[in-house]
Amino acid sequence: MGLRIKELRTKMGWSQKDLAIKINKSVSAISSYELGVQQPPLDVVLSLAAALGVTVDYLTNFDKKKTYSVEGLSLKQQKIVELVFQELRNPTNSSPQLSNEQLEIFRLLIELFTH
């Protein structure tokens, strides 16, 4: 987030002091946010976003993170999605053989699409 704050601030033609005055913080606080030494608390993030004319999502780089919604899926489908994400994040097996957990995911998917 620090690089984004600095990028937006310089794009506005502001010094760290200018931004500090606008959000009622010290120059050292702005510097520490930009350098990533310190993360600003939520109230400061809101002030920074307002002063810099961007959304909080943009300022925090949240807009770059891909999110998926399970809205509209049945509970069974949601459970399968959860199992798949867990397996992708932390594989239960790294050998050529499928683990029991991986086999269960395939079984549930086959059952879902054949019934």
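Start by selecting helix α6 and helix α7, where α6 passes α7 in a left-handed crossing. A crossing is left-handed if the near helix is turned anticlockwise from the far one by less than a right angle, and right-handed if clockwise. The helices themselves are DSSP runs (H or I, at least four residues), numbered from the N terminus, with strands being E runs of at least two. This is a predicted model, in which local features need pLDDT of at least 70 and side-chain atom pairs count only at pLDDT 80 or more, while totals for chains, interfaces and linings use all residues. Residues are numbered from 1 along each chain as its sequence is written, and side-chain values use heavy atoms, with hydrogens and water left out.

**The α6 and α7 pair**

Two packed helices are described by the angle between their axes and the distance between the axes. For α6 (residues 75-89) and α7 (residues 100-114), the axes come within 10 Å and cross at roughly 150 degrees. That makes α6 roughly antiparallel to α7. Axes here are lines fitted to C-alpha atoms, for helices over the stretch in contact, and angles run from 0 to 180 degrees between N-to-C directions. Angles under 35 degrees count as roughly parallel, over 145 as roughly antiparallel, 65 to 115 as roughly perpendicular and the rest as oblique.

Now show the side chains. On the α6 side, pick Lys76, Gln77, Ile80, Leu83, Val84 and Glu87; they meet Glu101, Gln102, Ile105, Leu108, Leu109, Glu111 and Leu112 in α7. Contact means heavy atoms within 4.5 Å. By class, this contact of α6 with α7 has 7 nonpolar, 2 polar and 4 charged residues. Ala, Val, Leu, Ile, Met, Phe, Trp, Tyr, Cys and Pro count as nonpolar, Asp, Glu, Lys and Arg as charged, and the others, Gly among them, as polar.

**Colour by confidence**

Next, colour by pLDDT, the predictor's confidence in each residue, from 0 to 100. The protein has a mean pLDDT of 89, and 96% of its residues reach 70 or more. Confidence is lowest in α6, at a mean of 87, and highest in α2, at 96.

**On to α2 and α3**

With α2 in view, add α3: the two pack at an angle of about 110 degrees, with their axes 8 Å apart. They are therefore roughly perpendicular to each other. Gln16, Lys17, Leu19, Ala20 and Ile23 in α2 meet Val27, Ile30, Ser31 and Glu34 in α3. The contact of α2 with α3 has 5 nonpolar, 2 polar and 2 charged residues by class.

Then click on Asn24, in the loop between α2 and α3. Asn24 has a positive phi of about 60 degrees although it is not a glycine. At 68% relative accessibility, Asn24 counts as exposed. Buried means under 20% relative accessible area, exposed over 50%, and partly exposed in between (1.4 Å probe, protein chains only).

Staying with α3 (residues 27-35), highlight its buried residues: Ala29, Ile30, Ser32, Tyr33 and Glu34. What covers them includes α1, α2 (16-23) and α4 (42-52). Just after α3 comes Gly36, whose phi is positive, near 75 degrees.

**Three stops on α1**

Select helix α1 (residues 2-11) and find Lys6 there. Lys6 is partly exposed, with a relative accessible area of 42%. Measure from Lys6 to Glu34: they are 28 residues apart in sequence and 5.8 Å apart in space, C-alpha to C-alpha.

Leu3 is also found in α1, and is exposed, with a relative accessible area of 70%. The C-alpha atoms of Leu3 and Gln16, 13 residues apart along the chain, are separated by 13 Å.

Arg4 lies in α1 as well, but is buried, with a relative accessible area of 12%. From Arg4 to Phe106, 102 residues along the chain, the C-alpha separation is 42 Å.

**Last stop: Val45**

Finish in helix α4 with Val45, which counts as buried at 5% relative accessibility. Leaving aside neighbours within four places in sequence, Val45 is in contact with Met1, Pro40, Val56, Leu59 and Thr60. For a link back to α7, draw a line from Val45 to Glu101: these residues are 56 apart in sequence and 41 Å apart in space, C-alpha to C-alpha.
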